[in-house]
Amino acid sequence: MKDPTGNTSALRLADLIVKAGRVYAMNRAADVHAALAVRDGWIVAVSDDRDGLDALASDGTHVVDDPELTLLPAFFDIHEHLLDSARNLARVRLEDAHSMDELIALIRERAGHTPKGVWIQTSNGWNESNLAEGRLPTAAELDRASTDHPILAPRGGHVSITNTRGLELMGVTSSTPDPPGGTIGHLPDGTPNGVLEGGAAQTIKGLVPPPPLAESVDNLADACAIYAASGVGSVREALILPEGWEVYQSAWEQGRLPIRCLPLLLVDPFRPQADRLAFVEGLGARSGFGDDWLRLWGLKFVLDGGVAGAGMEEPFANNPSWTGHLNWDPDEMTEVVSHALARNWKVATHAVGDRTVRTVLDVYEGALERNPDTPPGTLVVEHAFLADRTQRARAIALGISITVQHPLLYVNGKEILESWGPERAAAVMPVRSWVEEGATVAAGTDTVRPFDPMLNVWGMVTRGTKDVGVQGADHAVDQYTAIELYTSAGTRLTGEADRRGTLEPNRLADFVAYRVDPVTAPVDELLSLTPALTCVGGHGVHDPHKLLEPANGA
Ligand SMILES: [Zn+2]
C-alpha cells in the first residue's frame, strides 16, 4: 500500500475508517467500494469488503460502521458566486417576498434602522417569478420603501433595480443614453423606470461601497458552513473583483474556509482596452497560485448578459427588434485573452446566447492561434446555453471546457420561455450531448444562494423547472452521470483530478454521506435527501448525527 508521499515501507494506520453500504469512487472505472480509510486528511485505502480495512485500525482510529451509508465525493460547484451569496446573508432577503407589497415592506423595515443617505442593498438570489405580480419592481415602487436612502436591488448578476434616489446618484435622467453593453429601462412616458441591465447595472453597483473586510470574512465563513451542510466541498467562485481576493485570503489566513474555493478575477468589459491589458499585465500572480483550500483559478470575461441580455442570432420571441448585446468587441477580446494566455492565465467566459457562444469560440480560436502551446482545459465557456452541434464540435476540437448550471433553467425557465420561445428554451444547456460528444464538462449552480445539490441532480435527470415544467427532455442525463458531473468532473475541469474529486487512495478525503443511495433512489426521492455527514480534508464540516464524535466510534 502506498501513502500520499509514495512511501511504501512503513504501513501507517488510519485516523478514520468508514465502513459503509456503498462508496462511489466516481472515477473513470466507476468503482464502487464498501469501506474507506483516511489519514492526515487523505484517503489512504479503499476496500470492496466492509471489513477489509480493519487491519488499519489502531487505538487512535475512529470507525464509523454503518451499512446504511452511501458515500459520494463531496459536491464541487463549478460555477457559483460564493462571496456574493455570503454578502446576501447580511442584505435584505427578497427571497422571502411573495408579492410587491412584501418586497417593499422588507426594504422599508431595513430602512427603518439604517442612517439616512446610506445605501440599502438587497440580496440578488431572488426572482420576480416568486412575486404574485410576476414582474420586477419599479423605481416608484422602491420609493415606497424609502426616498431617504438610495436602494440597490440586484436580481441575479445582470439586472439591478434602483429607486429615484439611486437614479439621481447615478446621474440618470430621461435623456441619458444606454451605456456600452447595457440598457436603462424606461416607462412609456420616457422616464427611467429604475431597471438597469448589463453595463448600467454594473455602473450602479460601483457606487455602493463594499462592506468592511471583517464583516465580509464573517459572512464568507458563515456561507461556507451553509454550503458544507448541503454536501458541497468545493466551489469555483465564478467572479470576484480584486477586493474579493482580500476577503478570501483573510478567511484562508484565519482558517475559516471549511470548503475549497477557486476564484476567478473579472476583467472589466466596461473599461478602455488599454486598462484591460494593463489589468492583466499588473496582476503578477497567475492561475494556480494558492493551495488546496484557496487557489486562484483564472480570469473571467463576461461576453453577454443574462436571459434578457443574451446575444442571439435571431430576435427575441417577445421583442422582434432585440437580439441582445455583446459586451466586448471580438478583436479587442481576442487581444486581451491572448495577452492572458501568454502570461499563463486560465480564461473563462460567460456566454449565454447562440451568437455569443459562436463569438467566444471565434475569440478563443484566434487566441489559440497566437498561443499554440496552450494546454487543453485552459479555456472555458461558462453556461453555453445555446450551443448547437456545430459549436459543440468546435469547442471540443479546440480543447475548450464547458460548465453547465441546471438551476438557472430551473429558476429562470419562465423568463427563458417567454423571452426566447419554446424551441430555444428546450435547447438550453444540451448536457447530454456535451457528455456523449466527449466534452470536458462539469456542473454547478450559479444561483448566488445555497441551492440544494439534490434538486440540482434531480433537475439534470428530469430537466424539470420551477414554473414551466420539463424543458428539453432530450438533454437529460442519468443519476450517476449527473452526480459525476457535479463531483469528480469538476476536478477534471480544473486540472486537480490527481489530488481530489474521486474516492480512491491518494486523493483528499472530501466526501458526503447519505442514508439513501442517491444513484439508485427513485428520482423524486432525491428531493427529500439531506447529507448525514460532509467531510472535507477528513474533517467533519457537517456532522448532525455526531458520527465523528468518539462515543459513536468502535
Ligand atoms: Zn455566474
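Author: Buried means under 20% relative accessible area, exposed over 50%, and partly exposed in between (1.4 Å probe, protein chains only). The model is predicted, with local features needing pLDDT of at least 70 and side-chain atom pairs pLDDT 80 or more, while totals for chains, interfaces and linings use all residues. Residues are numbered from 1 along each chain as its sequence is written, and side-chain values use heavy atoms, without hydrogens and water.

Reader: Is R500 buried or exposed?

Author: R500 meets E496 in a salt bridge (a side-chain nitrogen of Lys or Arg within 4 Å of a carboxyl oxygen of Asp or Glu), at 2.7 Å from N to O. The partner E496 has a relative accessible area of 8% and is buried. Because the relative accessibility of R500 is 2%, R500 likewise counts as buried.

Reader: Which residues do salt bridges that share partners join into one network?

Author: The side chains of E496 and R500 meet in one salt bridge, and a search of the whole structure finds 33 salt bridges. Through shared partners, one network is made up of D292, R295, E496, R499 and R500.

Reader: How many residues apart in sequence are the parts that the pair H79 and D446 ties together?

Author: The protein donors of the zinc ion (N, O and S atoms within 2.8 Å of the metal, or 3.2 Å for Na, K and Ca; water is not among the atoms, so sites may look incomplete) are H79 (NE2), H81 (NE2) and D446 (OD), at 2.1 to 2.2 Å. H79 lies in strand β6 (residues 75–80) and D446 in the loop between β18 (441–443) and α15 (453–462), so the parts that this pair ties together are separated in sequence by 367 residues.

Reader: What is the relative accessibility of D446, a donor of the zinc ion?

Author: H79 counts as buried, at 1% relative accessibility. D446 also counts as buried, because its relative accessibility is 14%.

Reader: Which strands stand at the edges of the open sheet, each with a single partner strand?

Author: Strands (DSSP runs of E, at least two residues; helices are runs of H or I, at least four) pair if DSSP finds at least two bridges between them. The open sheet of 8 strands has parallel pairing in the order β6-β12-β13-β14-β15-β16-β17-β18. One side of each edge strand is left without a neighbour in the sheet, and these edge strands are β6 and β18.

Reader: Which residue in β15 does V302 stand opposite?

Author: Strand β14 (residues 298–302) pairs with strand β15 (residues 347–351) in the parallel sense over 4 bridges. The residue of β15 that stands opposite V302 is H350.
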